[in-house]
Amino acid sequence: MNLEGYLSKVKKYAPYVNLDQIAKAYEFGDKAHTGQLRKDGTPFFNHPASVSLILAELEMDEETIIAALLHDTVEDTDVTLQEVKKLFGEEVATLVDGVTKLAVINYETKQEQQVENLRKMFLAMSGDIRVILIKLADRLHNIRTLGAMTPEKQKEKAEETLEIFAPIAHRLGISKIKWELEDLSLKHLDPEGYRELVRKVDRKRTERESIINDYIHQIRKSLTDLNLKFEIYGRPKNFYSIYKKMKYGHKEFDEIYDLTAIRIVCEDIKDCYSALGAVHTLWKPIPGRFKDYIAMPKPNLYQSLHTTLMGNGEPFEIQIRTREMHEIAEFGIAAHWKYKEGSKKSHNEMEQKISSFRQMMEWQSDLKDPSEFMNSLKLDLFNTEVFVFSPKGEVVDLPVGSTPVDFAYKIHSEVGNKCVGAKVNGRIVPLNYQLQNGQRIEIMTAKNSNGPSRDWLKFVKSTQAKQKIKQWFKKERREENVENGRDIIVGELRKQNLPVKAVLNEDYLDQILRRLSLKNIDDMYNAIGYGGILTSQVVPKIKEKYFKEQRDEQAKNKPIAERVEEMPKKKVVKRNETGIVVKGIDDILVRFAKCCSPVPGDDIIGYVTRGRGVTIHRSDCENFEKTDDSENRYIEVAWADNNASSYTTSVQVVSSDRKGLLSEITILMQDMDMMMTGINAKIDKNGIAIVNISIEISDIEELNKLMRKLKALEEVIEVKRVSS
């Protein structure tokens with residue numbers, strides 16, 4: 001896609017933007033990503049350009065489109081956030097920063113890394129909801145182009161999309177993106193099931209096409225007779241929603257009748273109800289299947305009339321809405337930027353929805369434990385809502401399974417903190433009673449209430465209620481929390497046979513406290529006491545640090561030669577027997593070039609030398625071209641699929657000279673169960689230590705892991721592979 005073609009598409013979708021500024025961002029991003037390719041071999045910049053077009057199609061504003069063009073520059077190129085800010089303004093820079101992932105370092109688990117990326121994104125959303133819209137468009141293009149990834153990676157991305165991003169799109173009311181995310185994820189998670197479903201749907205839609213067209217013809221005639229202005233068409237159901245009904249609703253495909261709904265788009269709300277009356281005179285409505293989302297909109301601002309009618313022996317669905325309702329149903333919160341200059345009512349409703357979603361995300365971002373964060377996020381995003389009424393008749397939406405306590409905290413934190421009882425439809429109910437749709441809830445409060453009970457945390461469903469209860473205990477009962485927290489962690493340390501006095505002090509826990517964003521040890525006790533963090537976030541880290549120090553201390557008293565001798569020996573298998581496959585030749589002598597010491601995972605190339613068999617080099621070996629004479633010839637080689645082999649290579653560590661460096665290196669390798677075959681160290685005239693280590697490894701991943709851990713040692717300047 002060249003600049004001219006790109007700008008023509010932007011102009012088609014978003015004619016109101018400044019094309020000169022968009023072109024400037026396009027050229028800047030294209031230049032920044034020069035030479036970078038995606039896994040499918042296409043230029044990398046195709047991705048941000050495609051993401052920006054998705055947002056242009058949603059009719060987003062100029063700043064969002066520019067930020068989408070630049071959203072990978074700070075993460076994947078030498079461009080800095082300051083440059084983006086200088087060239088394109090603070091607003092664009094803030095959006096780019098919000099989408100940029102955290103650096104992939106210092107995370108103990110993949111889940112922790114994912115949580116921190118999501119947490120940063122949600123915090124950025126507190127300032128600007130457009131961050132999540134860029135992220136959704138980014139994920140949509142990535143899921144469209146998963147083909148170049150491994151099946152395992154495809155499945156991983158598809159699962160994450162269904163668990164996190166599609167529900168976010170639903171919460172924001174962007175059905176246009178939600179449906180495509182769901183269908184493409186299903187295509188990668190269950191390819192056979194997806195293809196079979198597509199085949200069945202196409203066949204049944206063809207069978208019912210004439211029936212649906214007949215229904216549309218009758219409706220068109222009836223509405224025309226009423227002098228209504230309208231549009232009418234069939235709307236196919238997305239594949240994933242059919243799949244869910246079959247899998248989780250235990251329905252056969254032939255039991256699903258709403259493969260195609262009929263949609264009527266009217267001029268105004270009055271006409272919507274007139275159209276409803278007209279279709280109810282044509283066919284009998286099925287009792288209990290009428291929903292008025294115009295009078296009672298969904299939390300994501302979706303509005304429409306839904307009615308299911310009995311046609312020619314089979315039920316079918318009709319949806320009726322206005323043009324503005326249709327735009328909001330398709331684009332959700334993205335429509336905010338289209339309508340914010342329009343009706344005040346639409347603008348206020350959108351602002352209210354954005355505020356509500358931001359608040360939910362802010363509650364999520366306060367959760368420290370990665371598992372708790374993910375579980376709570378999925379609950380809030382996935383859970384269907386229950387709609388109840390306040391005493392004044394206001395509609396309040398809550399997660400299914402919510403209780404009067406959840407309702408109280410949704411109204412106001414003080415209402416929740418002073419709650420002593422509740423009435424549902426005028427009758428007193430227990431505080432753990434699960435609310436049902438349409439009930440009227442009244443909360444009884446007392447000024448002299450002692451505050452919430454810790455037991456409430458066992459049954460409240462909403463993250464908002466849980467966080468407000470924890471905040472109350474954090475603020476009001478600090479002394480009690482500190483005492484309880486200290487008792488809890490002391491008990492856990494004793495169970496693990498750890499010396500309590502030695503490890504429970506601020507000097508010893510300094511790094512752990514900083515990682516948990518805690519100022520001092522009393523803050524840690526307080527957080528454990530009120531439930532803000534778990535002992536499982538603290539004790540394993542203390543245990544790991546304590547035993548590492550014990551091993552280090554023991555190792556210091558042994559000479560290096562003895563420590564190397566004690567390291568476990570790995571079984572070495574002859575590499576020419578199992579390590580290399582030479583295309584078209586069996587039983588040929590294979591040897592590995594000492595100049596570059598290739599290991600599994602390296603790109604390799606082979607030379608056939610008369611009388612000496614095949615020599616294996618790394619493809620980037622400098623000696624490769626030097627030996628290119630008439631006696632040598634290239635041959636295709638590959639690593640054999642055999643994890644039993646081990647290979648020799650060498651690594652050089654460059655560091656400031658300090659006490660204990662060699663000790664830490666050997667202990668690290670011992671902890672990784674790696675075999676060291678040799679070590680050599682020297683100090684140059686500038687006081688720089690150069691340590692060369694020969695090791696046996698199984699593949700490039702093991703080598704890279706070792707090099708990352710060596711680089712993380714204190715005062716290490718560089719770690720690199722060297723010739724043997």
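This passage describes two antiparallel sheets, the helices lying across them, and one helix pair in a predicted model.

The four-stranded sheet is open, and its strands follow the order β19-β20-β18-β21 with antiparallel pairing. Its edges are formed by β19, residues 675–683, and β21, residues 716–722, each of which pairs on one side only. On average, neighbouring strands of this sheet are turned by 20° against each other, direction ignored. Strand β20 comprises residues 688–697 and runs antiparallel to β19, to which eight bridges join it. Within this pairing, Ile 695 of β20 stands opposite Met 676.

Two helices lie across strands of the four-stranded sheet. Helix α30, spanning residues 661–671, lies across β18 (647–656), β19 and β20, and runs at about 15° to β20. Helix α31, spanning residues 700–711, lies across β18, β20 and β21, and its angle to β21 is about 160°. Strands β18 and β20 are thus crossed by α30 and also by α31, whereas β19 is listed with α30 and β21 with α31.

A second open sheet contains three strands in the order β10-β9-β11, again with antiparallel pairing. Here the edge strands are β10 (427–429) and β11 (441–445), each pairing on one side only. Neighbouring strands of the three-stranded sheet are turned by 35° against each other on average, direction ignored. Five bridges connect β11 with strand β9, residues 419–424, in the antiparallel sense. Lys 423 has Glu 442 in β11 as its bridge partner. Helix α19, residues 404–411, lies across β9, β10 and β11 and runs at about 80° to β11.

The helix pair consists of α10, residues 151–171, and α11, residues 175–189. Their axes are 9 Å apart, and the two helices pack at an angle of about 160°. Angles over 145 degrees count as roughly antiparallel, and α10 and α11 are therefore roughly antiparallel to each other. The crossing of these two helices is left-handed. The residues of their contact divide into eight nonpolar, five polar and four charged. On the α10 side, the contact residues include Leu 162, Phe 165, Ala 166 and Ala 169, together with Lys 155, Glu 159 and His 170. On the α11 side, they include Ile 177, Leu 181 and Leu 189, as well as Lys 178, Glu 182, Ser 185 and His 188.

Note on methods:
Residues are numbered from 1 along each chain as its sequence is written. This is a predicted model: local features need pLDDT of at least 70, side-chain atom pairs count only at pLDDT 80 or more; totals for chains, interfaces and linings use all residues. Side-chain values use heavy atoms; hydrogens and water are left out. Two strands pair if DSSP finds at least two bridges between them. Axes are lines fitted to C-alpha atoms, for helices over the stretch in contact, and angles run from 0 to 180 degrees between N-to-C directions. Contact means heavy atoms within 4.5 Å. Angles under 35 degrees count as roughly parallel, over 145 as roughly antiparallel, 65 to 115 as roughly perpendicular and the rest as oblique. A crossing is left-handed if the near helix is turned anticlockwise from the far one by less than a right angle, and right-handed if clockwise. Ala, Val, Leu, Ile, Met, Phe, Trp, Tyr, Cys and Pro count as nonpolar, Asp, Glu, Lys and Arg as charged, and the others, Gly among them, as polar.
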